[in-house]
Amino acid sequence: MGKMVMKNMFDKNGFVLCGLDARQKKQNIIVTLCVIGSFIISAFTFMNFLYCLSDCIGSIVCASPDISLRDAIRSVPIFLSFFMSLSGLMVAHTFYRNESENILKRKAKKHAVIGIVLGVITIVYVIAMRIAGRYLSLVEGAPSPLYPLDAIIFALIFIATGIFIISYFKKTADKPRYAGPTRAPVQKKGRGVRSFFRAFWLLIGLYGFCGFFYSIFIVDFTNGYVPYIIAVMLVSCVAFASIAVWELYYNNLTAEKRMKVTLPLSLISVVVSVLTAVVYFTALKGNLDGPSNVGFGILPIAFSASVNFATLLVVVTPIIVSVTALIKGIYRKIKFK
Amino acid sequence: MKKNVLCIFLAAMMLLSLASCAKTQISSEHLQDYVFTLQYHDNYNILQLTDIHWNVNTSAKASMNYLDKLLKEVNDHIVAVQGAGAKIDLIELTGDMFMLANSYHLMTFIDYFEKKAEEYGFVYAPIWGNHDRHSLYNPNELADRFKNAKHCVYYEQPDDLYGRSNYIINLTEDGTKNTAAAWMIANIDSGAAFSETELSVFRDYDYIRPDQTEWFISEHALAGEDVPAIAYYHIPQDENEKAWVAVSEEGAQMKNKFFKLEGFADNGNEKYASDFIDRAKDHNLKAAFMGHAHNVDWTVEYEGVVLGLGVKTGTELYFAHIDVNSEDKAVKAGLADSGITENFDLIGASLVTLTGKDGSFDLEHLYFNERENGDFSAWVKW
């Protein structure tokens, strides 16, 4: 039975990529790589964003809003770089979804323009702050040796990418454009709520990815707490995998296939995410000072507030996602029986 | 395929297990290993810098400019009071040097202190604070960089002691272990935080654990029962709060001074109260200095031990603005006998001068603020 389900889930005829010609396949590979690449960049900029935000929140919590403001002013380019990379991810994702020619053109151009505007703001801001003496030099240093110059370079890359996207649509105005596959559109019903939760889920996924990646380098395996370390890496991994499975696997299926797969996939997701939560809390029980002592750099918000909030959020979100999918799967099964 | 995945998984687990099984040192069998020695002289100057808090938002350049001026002010003050040739002998960095920082901050910080150590002729001794564990570097990287820095005194081994940086600096006649200690300085890692249960929403701040107290007592016995001792660590223990309650609510007559503008941010839970001060005071502990609560530098003589928080160093994260016209009782108490007549920020450093081998010492707090129209500097004696 299990084998049957797995075989059925990975039946290649059920994928939207099935039957594409060579050009379409090439375009699809490029777009998928762009989605993955921009997701990774967004994950790193998101972690920087969280770090800056955590420090600013810390100052506010400690009744020093003036310090928070001073720090926020210094780190505006870091905050903007996250939104810039997010605009890049949105452009790539719009191509990936390819809901329709009009939607693709409208949305991709919109996100490209947002990226260009943010890039320009970043460059103008850094130069203005340098002239005003708020930056002691263009390579003042911290958090990187080249800060804030690296923010200008990052902005220039996004401006160039944005211009490329806009000119792509201009050049191909009279010709057939992107010919990649169309993937499941976001349903119109409750679009606002769906978009909100999807954005939240994306942030958890970015957090999970970066947390897992950093943990490989910054977690100290030699100082005890090994069960907790493994558990926290598992949590980060599942948070990221949750988005990867649904976005890169589920959304690559044909509509008919998705109908069939929703229920078994959501069941597997529920089991994995619940098991992860159990593993996490069991490990925490044996390492109650684990969160504060090993690699806590990967969970910045949680530590600043001295609460377990962020970790709980990362543990719980995949469960919510999979339970939602399970309810959807059951509903569809009953409806189409 | 399944076999391959299983093999990779098992190999990863084995590597993790091997890493975690690094040889653990039994501290009681290696007491000498934890001891550094430096040469003692009367008027030995120990500067405490605390809660520097370099983070992702910090301008390292601006922070170093502040530290440049601060160190010059301290050095000039020492020379003015003690005469030419006197200097900062030791800097105690009592935790939270970093928070939400990365390797770049770490390298820049150590390079800076190495440069200044050459310039002023001091050595520096870092202690972990709760936030030093909270960064994008591997904790081992921090330990290794401190261990390898030329002017840094630091010891860390995988051992049976709680925390990471527990070590002793004995000030001896000739600066070696061959002569008797005149003073013992204990640097203790007071940890970070812990959850009471796996489902707790909040975390409690950590405390000095009984095994660390036991280790301190053994090290002190090794140095000599008559040797006066000072402890430096990051998180205040329960005695600070007890002393505060005794002074402020019960009207106890204890010598106390400086500012207490917020709580001590200690564990605050009787169940997890540390036995450190309670037991160490019977082993010639003369003073214990810490950091952690930035708006507090309140110092008190409690049951024969001077307990004090250092003045927060630099402008990162948060600090108090002192209004000399404030009607606030705590501000007024802090300003009493300080001679300060203008508003200032509660940032700077604390200076301990060991005046004799009999356990006597002086303590001064420096409030130092950078200002466009001339920096503010005020020394207030304990």
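Below, a trainee and a mentor talk through a predicted model of two touching chains, A and B.

Trainee: What pLDDT do local features need here, and how are residues and chains labelled?
Mentor: Residues are numbered from 1 along each chain as its sequence is written, while chains are lettered from A and ligands numbered from 1 in the order in which they are written. This is a predicted model, where totals for chains, interfaces and linings use all residues, side-chain atom pairs count only at pLDDT 80 or more, and local features need pLDDT of at least 70.

Trainee: What is the mean pLDDT of chain B?
Mentor: pLDDT is the predictor's confidence in each residue, from 0 to 100. The model scores ipTM 0.86 and pTM 0.90. In chain B, 94% of the residues reach 70 or more, and the mean pLDDT is 93.

Trainee: How many residues does each chain give to the contact, and which class leads the listing for chain B?
Mentor: Contact means that C-beta atoms, placed from the backbone, lie within 7 Å. Chain B gives 42 residues and chain A gives 46. Elements of chain B giving two or more residues include helix H1 (2–20), helix H2 (60–82) and strand S7 (193–194); helices (H or I, at least four residues) and strands (E, at least two) are DSSP runs, numbered from the N terminus. Nonpolar covers Ala, Val, Leu, Ile, Met, Phe, Trp, Tyr, Cys and Pro, charged covers Asp, Glu, Lys and Arg, and polar covers the others, Gly among them; on the side of chain B there are five charged, 17 polar and 20 nonpolar residues.

Trainee: How do H2(A) and H3(A) run, roughly parallel or roughly antiparallel?
Mentor: Helix H2 (residues 22–61) and helix H3 (residues 65–74) of chain A pack with axes 7 Å apart, at about 165°. Axes are lines fitted to C-alpha atoms, for helices over the stretch in contact, and angles run from 0 to 180 degrees between N-to-C directions. Angles under 35 degrees count as roughly parallel, over 145 as roughly antiparallel, 65 to 115 as roughly perpendicular and the rest as oblique. The angle therefore makes H2(A) and H3(A) roughly antiparallel.

Trainee: Which residues of H3(A) meet H2(A)?
Mentor: H2(A) passes H3(A) in a left-handed crossing; left-handed means the near helix is turned anticlockwise from the far one by less than a right angle, right-handed if clockwise. From H2(A) come A:Asp55, A:Cys56, A:Ser59 and A:Ile60; they meet A:Pro65, A:Ile67, A:Ser68, A:Asp71 and A:Ala72 of H3(A).

Trainee: How many charged residues are in the contact of H8(A) with H9(A)?
Mentor: The axes of helix H8 (residues 226–249) and helix H9 (residues 255–286) of chain A come within 8 Å and cross at roughly 155°. That makes the pair roughly antiparallel, and the crossing is left-handed. Among the residues in contact are A:Leu234 and A:Val238 of H8(A) and A:Val272 and A:Val279 of H9(A). The contact has 11 nonpolar residues, five polar and no charged.

Trainee: Which peptide bonds are cis in the loop between H5 and H6 of chain A?
Mentor: Most residues other than glycine have a negative phi, and most peptide bonds are trans. A:Ala142, in this loop, has a positive phi of about 65°. A:Pro143 and A:Pro148 lie in the loop too. The cis bonds are A:Ala142 to A:Pro143, with omega near 10°, and A:Tyr147 to A:Pro148, with omega near 5°.

Trainee: Which are the edge strands of the open sheet in chain B?
Mentor: Strands pair if DSSP finds at least two bridges between them. The sheet has eight strands in mixed pairing, ordered S1-S5-S6-S9-S11-S13-S12-S10. Each edge strand pairs on one side only: strand S1 (35–39) and strand S10 (256–257).

Trainee: Which residue of S13(B) stands opposite B:Val300?
Mentor: Two bridges join S10(B) to S12(B), running antiparallel, with B:Asn256 opposite B:Val300. Four bridges join S12(B) to S13(B), also antiparallel. Their hairpin has two residues between the strands, and B:Glu303 takes a positive phi near 50° there. In S13(B), the residue opposite B:Val300 is B:Leu307.
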